[in-house]
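Hi,

Here is the structure I said I would pass on. Have a look at it first, and my notes follow below.

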Amino acid sequence: MKGSIRLFRIFGISINIHVTFLLLLVLFLSGGIKWLVLMIGVFFFVTLHELCHSLVAKRFGIQVREITLLPIGGVASMTSMPEKPIHEFFISIAGPLFNIAVVAVLYYPLKSLLGPETLFHRPFSTATWPLTIAYLYWINLILALFNLIPAFPMDGGRVLRALLAQRMSYQKATKIAVNLGHLFALGFAYFGIVGFNVILIIIAIFIYIAASNEELQVDLKETLKKFRVRDILSADFFTLNSDTTLAKVLELIFHSHQEDFPVLEGGEMVGFVTRHEIISGIHSLGMRTLVKDVMSKDFPKVTDADLLIKAQKLMEENSIRALPVMRNGHAVGVVTLEDIGRIYAITSQKA
Ligand SMILES: [Zn+2]
């Protein structure tokens with residue numbers, strides 16, 4: 001995610017912290033060492049919450065690339081969406097269930113350790129270390145309840161969509177959970193403005209944008225199911241010989257609008273070279289480098305009869321932005337994320 005810093009990796013998932021979350025830490029730093037410990041505790045439980053989502057997702061065969069910690073909680077970036085609503089249900093419920101489990105498991109130990117007066121002390125306080133621990137304990141309950149709000153982008157929104165999708169279309173179920181997300185965002189914004197609470201207003205903005213984004217993603221996927229790769233394939237396209245120099249390729253990029261090329265040897269496709277590979281090849285190896293030295297030999301591809309959604313999914317899963325298009329074993333074109341974005345922009349425009 002843009003604007004985030006990687007902290008460490010666990011189970012093959014990189015744990016990142018967003019700069020806005022760091023700002024929050026700095027804000028709380030002024031509250032003293034107990035505040036800082038409290039915030040690091042929150043960070044710890046939010047990370048475990050996200051890891052629970054991620055580990056359930058992995059069980060359903062979904063790759064999780066990274067977890068990013070934002071002020072409103074964490075986001076686990078999955079390379080694909082759950083295929084079945086029931087999978088989404090289990091993935092989404094796992095996080096809040098973890099926090100509820102923490103609350104349940106620690107209840108009696110903390111009650112006897114801290115004493116009920118400290119554990120149930122209100123308002124929450126960091127005046128003493130026992131009170132700080134009690135505070136951190138209750139934050140788990142808040143995390144669980146907040147995330148169970150049945151609206152996007154909270155986990156509860158996904159749970160709701162998964163349940164609604166059992167009896168209506170996925171798109172319609174999404175729309176309902178998104179509208180609820182907007183409604184909650186407006187509610188948070190209202191209380192933020194009335195109570196002069198900046199954090200609440202920031203949360204409201206985050207919720208609003210994230211809810212809209214979810215709808216956009218689902219609409220995009222629905223649109224891409226209606227088109228085949230050949231529907232957007234450009235009639236003229238260029239291929240490269242494997243012993244072409246990068247200088248020549250750069251010239252071709254300038255003269256054409258194509259930036260990614262199938263690479264041929266004796267008429268057979270032997271590789272694929274992308275804008276990124278060409279540019280980094282020029283920077284690190286120089287203009288006289290040959291295409292065959294920077295191209296990928298192992299790359300995903302689509303056929304011109306495939307649905308666009310398949311092309312989009314392959315690019316997303318492999319973190320790439322272009323794919324060669326094949327017909328009867330021969331390269332007949334290239335499809336890029338920009339092409340997909342363009343078709344979506346055109347077809348989604350409402351008159
Ligand atoms: Zn969650």
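Two residues count as being in contact here if their C-beta atoms, placed from the backbone, lie within 7 Å. On that basis, 57% of the contacts in the chain with a separation of 6 or more are between residues 24 or more positions apart. Keep in mind that this is a predicted model.

Some overall figures to start with. The chain has 351 residues, and 31% of them are buried. Its C-alpha trace spans about 80 × 50 × 40 Å along the principal axes, and there are 14 helices and 10 strands.

The chain splits into domain 1 (4-224) and domain 2 (229-347). Their centres, taken over C-alpha atoms, are separated by 39 Å. Six residues from domain 1 and 10 residues from domain 2 make the contact. On the domain 1 side, the touching residues are two nonpolar, three polar and one charged.

Now the sheet at the start of the chain. It is an open sheet of four strands in the order 1-2-3-4, and its pairing is mixed. Strand 1 and strand 4 are at the edges with a single partner strand each, so one side of each has no neighbour in the sheet. From one strand to the next, the twist averages 25°.

Going through the pairs:

- Strand 1 (residues 4-10) and strand 2 are antiparallel over six bridges, with Ser4 partnered by His18 in strand 2. Their hairpin has two residues between the strands, and Phe11 takes a positive phi near 50° there.
- Strand 2 and strand 3 are parallel, over four bridges. Ile15 stands opposite Ile67 in strand 3.
- Strand 3 and strand 4 run antiparallel and are joined by six bridges. Here Leu70 stands opposite Gly73 in strand 4.

Helix 1 packs on this sheet, where it touches strand 1, strand 2 and strand 3. The direction of helix 1 makes about 55° with that of strand 2.

Helix 2 is worth a look too. Does its length come out as expected or not, at 1.5 Å a residue? Helix 2 covers residues 33-59, which is 27 residues, and the expected span is 1.5 Å times one less than the number of residues. That gives 39 Å, and the end C-alpha atoms are 39 Å apart, so the two agree.

Which residues of helix 2 are buried? They are Leu38, Met39, Val42, Val46, His49, Glu50, Leu51, Cys52, His53, Ser54, Val56 and Ala57. Note that Glu50 is in that list, along with His49 and His53. As for what they pack against, the partners are strand 2 (13-18), helix 1 (19-29), strand 3 (64-70), strand 4 (73-78), helix 3 (85-114) and helix 5 (129-147). After helix 2 comes Gly61, with a positive phi near 80°.

Further along the chain there is an open sheet of three strands, again with mixed pairing, in the order 5-6-7. Its edges are strand 5 (240-241) and strand 7 (268-273), and each has a single partner strand, so one side of each is left without a neighbour in the sheet. Strand 6 (residues 261-265) pairs with strand 7 in the antiparallel sense over five bridges. One of the residue pairs is Pro262 with Phe272 in strand 7.

Over to you,
and thanks for taking this on.

Notes
Residues are numbered from 1 along each chain as its sequence is written. This is a predicted model: local features need pLDDT of at least 70, side-chain atom pairs count only at pLDDT 80 or more; totals for chains, interfaces and linings use all residues. A residue is buried if 20 or more other C-beta atoms lie within 10 Å of its own, exposed if 12 or fewer, and partly exposed in between; C-beta atoms are placed from the backbone. Two strands pair if DSSP finds at least two bridges between them. Axes are lines fitted to C-alpha atoms, for helices over the stretch in contact, and angles run from 0 to 180 degrees between N-to-C directions. Domain bounds come from an automatic or database domain assignment. Ala, Val, Leu, Ile, Met, Phe, Trp, Tyr, Cys and Pro count as nonpolar, Asp, Glu, Lys and Arg as charged, and the others, Gly among them, as polar.
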